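Here's a protein model to explore together. Have a look at it first, and then we'll walk through it step by step.

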Amino acid sequence: MALAIPSGTAQPNAQLTQQKPLSFDEFLAQYGGDNRYELIDGEVFDLEPTGQHEEVSAFVTTKICVQIERIGLPWFVLQRGLLRPSNAGMTAFRPDVAVVDRDELVKEPFWSEQSILTLGSSIKFVTEVVSSNWQNDYARKVEDYAALGISEYWIADYAGLGGTRHIGKPKQPTLSICTLVDGEYEIHQLRGSEMIVSPTFPELRLTAEEVLRANR
């Protein structure tokens, strides 16, 4: 499933070899304490990132935290946690960046004891930084995050790994901004000096390149 990675680059998001699909409870017992793993349809994926992957995640987190503080919202960026869609019993996503609404957490059945979210209303914004198993970010998560009602989803493909149907040809670093309209995502692809327009954080002033290069 993984796309070939150039020599010298680590290969995160590798699908683990396993004997049988895992239920959510089995996954939680075996991998719940380690934020390297997520579960998709019973298959376990290793999320061990490259250094640049972490830089992009950290850059987005920093900029979003500034916006949350500036606006004075009761939101925070989830550091460790699982998103378990209530309609997908064998799936538990672990977003790279997730903005959580503190006021909605009283509705979450597991939150008081575990860092597990089940409701889209708790999550205001998500970013996934693309790694070798790009199919999950561009397909499955687009579908499930929209179904959950998450209003804004960024796909930060800093290495241009995604398929040509998603980022065009020739492939190049691309930031896809997905905004929810009538239950489905409208996707706008940004590159280079193109400015980001964020419905969730309208005062954000960033270009696609600044995000994809973590403003190096």
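What follows goes from the whole chain to its largest pocket, and then to a handful of single residues.

**The whole chain**

Keep in mind from the start that this is a predicted model. The secondary structure of the protein chain adds up to 5 helices and 10 strands. Measuring along the principal axes, so to speak, the C-alpha trace covers about 45 × 45 × 30 Å.

What radius of gyration does the protein chain have? It comes to 17 Å, and a compact globule of 216 residues would be near 17 Å, so the two agree.

As for the inside and the outside, 49% of the 216 residues count as buried. The protein chain exposes about 10,400 Å², and carbon and sulfur atoms supply 48% of that area. Now take the contacts between residues at least 6 apart in sequence: 62% of them join residues at least 24 apart.

**The largest pocket**

Rolling a probe the size of a water molecule over the atoms shows where empty space is left. In this model, the largest pocket holds about 440 Å³ of space. It is lined by 18 residues, and the closest to its centre are Asn35, Glu54, Gln79, Pro95 and Asp96.

Which element gives the most to this lining? That's helix α2, residues 51–71, with 5 residues. Sorted by class, the lining of the largest pocket is made of 7 nonpolar, 6 polar and 5 charged residues.

**Two residues on helix α2**

Let's stay with helix α2 for a moment, and pick out Thr61, which has its place there. Is Thr61 buried or exposed? Its relative accessibility is 16%, so Thr61 counts as buried. Setting aside neighbours within four places in sequence, Thr61 is in contact with Val77 and Val97.

Lys63 is found in helix α2 too. With 31% relative accessibility, Lys63 counts as partly exposed, because that class runs between the 20% and 50% cut-offs. Leaving out neighbours within four places in sequence, Lys63 is in contact with Leu204 and Leu206. Those two leucines have numbers a long way along the chain from Lys63, so try finding them on the model. 

Here's a distance to check as well: Lys63 and Gln172 are 109 residues apart in sequence, and their C-alpha atoms are 23 Å apart in space.

**Leu22 and Thr179**

Where is Leu22? It sits in the segment before α1, the helix of residues 24–31. Leu22 has 8% relative accessibility and therefore counts as buried. Beyond its neighbours within four places in sequence, Leu22 is in contact with Phe27, Gln30, Tyr31, Leu39, Gly42, Val44 and Met90. From Leu22 to Thr61 there are 39 residues in sequence and 31 Å in space, C-alpha to C-alpha.

Thr179 belongs to strand β9, which covers residues 174–181. A relative accessible area of 12% makes Thr179 buried. Not counting residues up to four places away in sequence, Thr179 touches Ser151, Glu184, Tyr185, Glu186 and Pro199.

Here are the accessibility values of these four residues side by side.

| Residue | Relative accessibility | Class |
|---|---|---|
| Leu22 | 8% | buried |
| Thr179 | 12% | buried |
| Thr61 | 16% | buried |
| Lys63 | 31% | partly exposed |

**Some unusual backbone spots**

Most residues other than glycine have a negative phi, and most peptide bonds are trans. With that in mind, a few places in this chain are worth a look.

Asp41 is not a glycine, yet it has a positive phi of about 50°. You'll find Asp41 in the loop between β1 (37–40) and β2 (43–46). At 47% relative accessibility, Asp41 counts as partly exposed.

Asp182 also has a positive phi, about 55°, although it is not a glycine. Asp182 lies in the loop between β9 and β10, the strand of residues 184–190. Its relative accessible area is 80%, so Asp182 is exposed.

Which peptide bond is cis? The one from Lys169 to Pro170, with omega near 0°. Pro170 is found in the loop between α4 (164–167) and β9.

How values were computed:
Residues numbered from 1 in each chain as written. Predicted model: local features only at pLDDT ≥ 70, side-chain atom pairs only at ≥ 80, totals over all residues. Heavy atoms only, no water. 1 Å grid on protein atoms, 1.4 Å probe; cavity = no way out; pocket = protein on both sides within 12 Å on 5 of 7 lines; lining within 4 Å. Points joined across faces, edges and corners; volume = space filled by probe spheres on them. Helix = DSSP H or I, 4+ residues; strand = E, 2+ residues; numbered from the N terminus. Nonpolar A, V, L, I, M, F, W, Y, C, P; charged D, E, K, R; others polar. Rg over C-alpha atoms; globule rule 2.2 N^0.38 Å. Buried < 20%, exposed > 50% of the residue type's maximum accessible area, 1.4 Å probe, protein only. Contact = heavy atoms within 4.5 Å. Areas by Shrake-Rupley, 256 points an atom, 1.4 Å probe, with all protein chains shown as cover.
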